[in-house]
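Please open the model in your viewer and keep the sequence panel beside it, since this tour moves from one selection to the next.

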Amino acid sequence: MEVRTRFAPSPTGFLHLGGARSAIFNYLFTKKNSGKFILRIEDTDIERSKKECEEDIIKSLKWLGIEWDEFYRQSERKEIYKSYLNMLLENGNAYISKEGDGTQDKKDVIRFRNPGKKIKFQDLIRGEVEMETEDLGNFVIAKDELSPLYHFAAVVDDAEMKITHVIRGEDHIPNTPRQILIQEALGFERPHYAHLPLILGSDRSKLSKRHGAKSTFTYAEEGYLPEAFFNFLALLGWHPADDKEILSREELINIFELKRVQKGGAVCDFEKLNWFNREYIKKLSARELSERVKVFMPAGFDQNRYDIEKVVNLARERMNKLSDIVTEMDFIFKLPAYDKELLKWRGKEDSNKVREVLEYASGILNAVPPEEFSKNNIEKLVMPYADEKGRGEVLWPLRVSLSGKMSSPGPFDIIEVLRKEETLRRIREAIEKIQ
RNA sequence: GGCCCCAUCGUCUAAUGGUUAGGACGGCACGCUUUCAAUGUGUAAAUCCGGGUUCGAUUCCCGGUGGGGUCACCA
């Protein structure tokens with residue numbers, strides 16, 4: 001039988017990490033089994049459902065590279081629910097409460113006649129789960145024929161869409177028995193269930209509650225690579241048999257199995273996310289990285305002024321995320337204002353000595369033709385002098401004159417990017433500053 | 001509170017009825033080094049507690065404790 005799964009978010013909020021992870025596990029499981037993945041927007045609550053949330057969910061899934069084979073919106077399927085509702089009403093498994101058994105409902109609502117039996121189901125991750133359903137009472141399944149509620153619509157859709165595996169968050173475990181009850185009343189087949197552990201915040205509470213408003217897409221906007229983010233989330237609550245952690249989507253699909261999903265909730269460690277992102281940034285070619293970094297460049301950065309691939313290569317080891325290009329490389333595009341004291345190595349060098357060093361270095365550089373301003377050439381020419389005078393005494397002021405910063409890439413790296421004219425201009429500026 | 005789920009380093013996790021309980025992130029130390037970063041080497045750090053079962057439990061069972069989830073005319 002063909003495997004069919006669904007990711008069924010409600011567009012009442014953005015796609016948070018937990019939702020994204022559920023989507024990823026559904027996706028990996030489906031691809032592993034050559035099945036079909038269905039995206040179903042559960043917007044039966046018209047009051048709370050928002051178009052922008054649906055858009056956010058779709059945008060986020062696309063960013064993660066998760067594609068669906070079929071797409072549904074529950075608000076467009078009311079006639080289908082209505083017919084099943086009528087079926088239940090006719091065979092007496094549901095009733096309109098005002099006519100019913102003395103409930104205090106103000107309006108007519110449709111209630112499910114709960115047989116109140118014990119429900120047992122097999123969870124692919126947790127094994128057998130057993131629950132009493134009696135205290136659920138005759139719960140409401142629809143406000144009226146055209147306004148089904150979550151449990152009813154979900155059960156009808158899972159059956160109509162021939163879903164074979166329901167893979168969702170652990171917070172749905174208490175919902176499962178009542179959904180099975182509806183299923184049985186309708187004569188539907190029971191799908192396999194797999195309840196994923198929750199993703200927790202550092203205080204171990206449900207992450208979606210804490211940072212409820214934060215969308216997965218904000219990670220895109222901060223400059224996380226989707227492949228890194230996907231990899232990170234895939235390893236939250238699941239782990240392959242071996243120790244390899246950097247895994248491509250294809251590798252993940254190949255080795256994914258529900259049996260290895262963790263039972264306990266997982267705290268989301270953003271330091272580890274950064275590590276994944278750095279690892280993926282490292283793997284990018286200078287060209288790819290330049291492309292990806294472009295959107296993060298502020299208008300003030302004249303990207304045509306310097307060889308952007310060289311700039312990016314200096315930044316890549318220092319970036320957690322793409323947007324860090326701004327804070328790491330701002331000095332290339334515009335020399336920041338800095339205190340002349342910064343030019344003094346360890347803050348205690350004599351001004352005259354600093355000036356002397358910079359003038360000497362300037363002299364060496366001035367003699368080099370512009371086309372020979374490569375890192376290696378310059379390094380070969382300046383290092384003998386630095387070794388003679390003391391590396392710190394020479395390289396520190398030279399680097400600061402070029403970067404204006406306490407910490408930055410080395411002077412020869414910067415020189416190659418800035419090229420002759422700008423290099424000499426900045427050294428000149430430093431010499432004047434130190435007078 | 002009722003019901004349900006869960007429990008290995010700070011975090012993500014591996015493993016087995018017998019291991020020096022492994023890896024990764026983060027931390028710390030050292031090396032490299034003009035600074036930062038990167039990198040190399042090393043290092044600290046865990047089986048929640050109590051009972052069983054067993055020759056032997058971190059692993060199996062029970063209880064406790066702890067954490068989490070859920071109890072809508074939301075999903």
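Begin by selecting Ile-41, which stands opposite Arg-73 in strand E3. Extend the selection to strand E2 (residues 36–41) and strand E3 (residues 70–73), which pair in the parallel sense over 4 bridges; strands here are DSSP runs of E of at least two residues, helices are runs of H or I of at least four, both numbered from the N terminus, and two strands pair if DSSP finds at least two bridges between them.

This is a predicted model, in which local features need pLDDT of at least 70 and side-chain atom pairs count only at pLDDT 80 or more, while totals for chains, interfaces and linings use all residues. Residues are numbered from 1 along each chain as its sequence is written, and chains are lettered from A and ligands numbered from 1 in the order in which they are written.

Next, select helix H15 (residues 375–389) and helix H16 (residues 391–403), whose axes come within 6 Å and cross at roughly 125° (axes are lines fitted to C-alpha atoms, for helices over the stretch in contact, and angles run from 0 to 180 degrees between N-to-C directions). That angle makes H15 oblique to H16, the term for angles that are not under 35 degrees (roughly parallel), over 145 (roughly antiparallel) or 65 to 115 (roughly perpendicular).

Finally, select helix H14 (residues 351–366) and helix H17 (residues 411–434), which pack at an angle of about 160° with their axes 9 Å apart. H14 is therefore roughly antiparallel to H17. Among the residues that meet here are Leu-358 in H14 and Ile-427 in H17, contact requiring C-beta atoms, placed from the backbone, to lie within 7 Å.

Terms used: Two residues are in contact if their C-beta atoms, placed from the backbone, lie within 7 Å.
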